Amino acid sequence: MSKINKEFLLEAINSIQTGSKEKQRKFLETVELQIALKNYDPARDKRFTGTVKLRHVPKKSFKICIIGDDRHLDEAKNLGYDCKSAEDLKKLNKNKKLVKKLAKGYDAFMASDGLIKQIPRLLGPGLNKAGKFPTSLSHQESMEEKVETVKRTIKFQMKKVLCLSVAVGNVSMETDELNANIMLAVNFLVSLLKKNWQNVRSLHIKSTMGKPHRIY
């Protein structure tokens with residue numbers, strides 16, 4: 001059962017949208033959900049991780065890279081996606097700076113299922129550390145559909161601190177689209193917590209450059 005007041009949430013979304021129109025930026029601002037937890041000990045309690053598929057793509061400028069076998073590389077080129085072969089990865093020579101640069105250049109990676117096990121050997125732990133280990137892609141799946149799913153998927157990952165933040169949309173989205181994404185993200189996050197709502201101290205939403213609005 002969600003404890004978020006719907007009117008309160010819509011008011012916060014409207015404030016963010018109004019604020020972004022009043023002070024327009026040279027880039028499209030992301031809308032973030034910021035979560036503060038309580039009654040949780042990251043050192044002792046099990047750290048949670050979970051992914052959920054939102055109804056609407058949160059980021060317009062989502063960049064994905066396909067690490068593929070020959071067949072997937074051809075398909076990626078035809079669809080206009082950036083792609084790299086195992087040979088391309090070998091050339092990075094496990095250089096931490098280069099792997100970090102690769103990870104930073106994309107929002108997500110996908111890899112042919114036959115190649116995915118080789119990635120730690122080719123690149124070291126860099127992509128995993130950045131939280132961008134590739135999603136597996138088989139030849140039975142539609143690349144386009146899988147990319148669409150990855151674009152809509154957000155990840156909650158508990159680290160050593162009691163605060164986390166995820167992108168749930170952008171300021172160009174309709175109010176009801178943002179509302180749907182935020183509710184879905186919040187309810188999923190609460191389901192991951194040991195004591196559900198009792199573990200939530202506060203929830204805020206904010207645009208990249210805007211001020212935070214408390215919704216719980």
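Me: In this predicted model, which strands does helix α1 lie across, and at about what angle does α1 run to β9?
Reply: Helix α1 covers residues 6-22, and the strands that α1 lies across are β1 (30-37), β9 and β10. Taken against the direction of β9, the helix runs at about 30°.

Me: Across which strands does helix α8 lie, and at about what angle does α8 run to β8?
Reply: Helix α8, made of residues 175-192, lies across β1, β8 and β9. Its direction relative to β8 is given by an angle of about 155°.

Me: What is the order of the strands in the open sheet with antiparallel pairing?
Reply: This open sheet has four strands, and its edge strands, each of which pairs on one side only, are β8 (163-170) and β10 (213-214). Strand β9, residues 200-207, pairs with β10 in the antiparallel sense over two bridges. Read across the sheet, the order is β8-β1-β9-β10.

Me: Which residue in β10 does His-204 stand opposite?
Reply: Strand β9 takes in residues 200-207 and pairs with β10 in the antiparallel sense. The residue of β10 that His-204 stands opposite is Arg-214.

Me: Where do the buried residues of helix α2 fall when seen down its axis, and within what arc?
Reply: In α2, which spans residues 70-79, His-72, Leu-73 and Ala-76 are buried. Because their directions around the axis are confined in this way, these buried residues line one face of the helix, falling within an arc of 100°.

Me: Which residues are exposed on the other side of α2?
Reply: The buried residues of α2 pack against β3 (64-67), β4 (82-84), β5 (108-112), β6 (135-137) and α7 (143-152). On the other side of the helix, the exposed residues are Asp-70, Arg-71, Lys-77 and Asn-78.

Me: Which strands stand at the edges of the open sheet β4-β3-β5-β6?
Reply: Four strands form this sheet, and their pairing is parallel. An edge strand here has a single partner strand, so one side of it is left without a neighbour in the sheet, and this is the case for β4 and β6.

Me: What are the bridge partners of Cys-65 in β4 and in β5?
Reply: Strand β3 pairs in the parallel sense with β4 over three bridges, and with β5, again in the parallel sense, over four bridges. In β4 the bridge partner of Cys-65 is Asp-82, while in β5 the partner is Phe-109.

Me: Are the residues Ile-64, Cys-65, Ile-66 and Ile-67 of β3 buried or exposed?
Reply: Ile-64 and Ile-66 belong to one side of β3, whereas Cys-65 and Ile-67 belong to the other. Both faces of the strand are covered, and these four residues are all buried.

Me: How exposed is Asn-39, given that it has a positive phi although it is not a glycine?
Reply: Most residues other than glycine have a negative phi. Asn-39, with a positive phi of about 50°, is found in the loop between β1 and β2 (49-53). Asn-39 is exposed, and its relative accessible area is 53%.

Me: What is the relative accessible area of Lys-94?
Reply: Lys-94 has its place in the loop between α3 (86-90) and α4 (96-104), and its phi is positive, about 55°, although it is not a glycine. Lys-94 is partly exposed, with a relative accessible area of 45%.

Notes
Residues numbered from 1 in each chain as written. Predicted model: local features only at pLDDT ≥ 70, side-chain atom pairs only at ≥ 80, totals over all residues. Heavy atoms only, no water. Pairing = 2+ DSSP bridges. Contact = heavy atoms within 4.5 Å. Axes fitted to C-alpha atoms, helices over the stretch in contact; angles between N-to-C directions. Buried < 20%, exposed > 50% of the residue type's maximum accessible area, 1.4 Å probe, protein only. Arc of directions from axis to C-beta.
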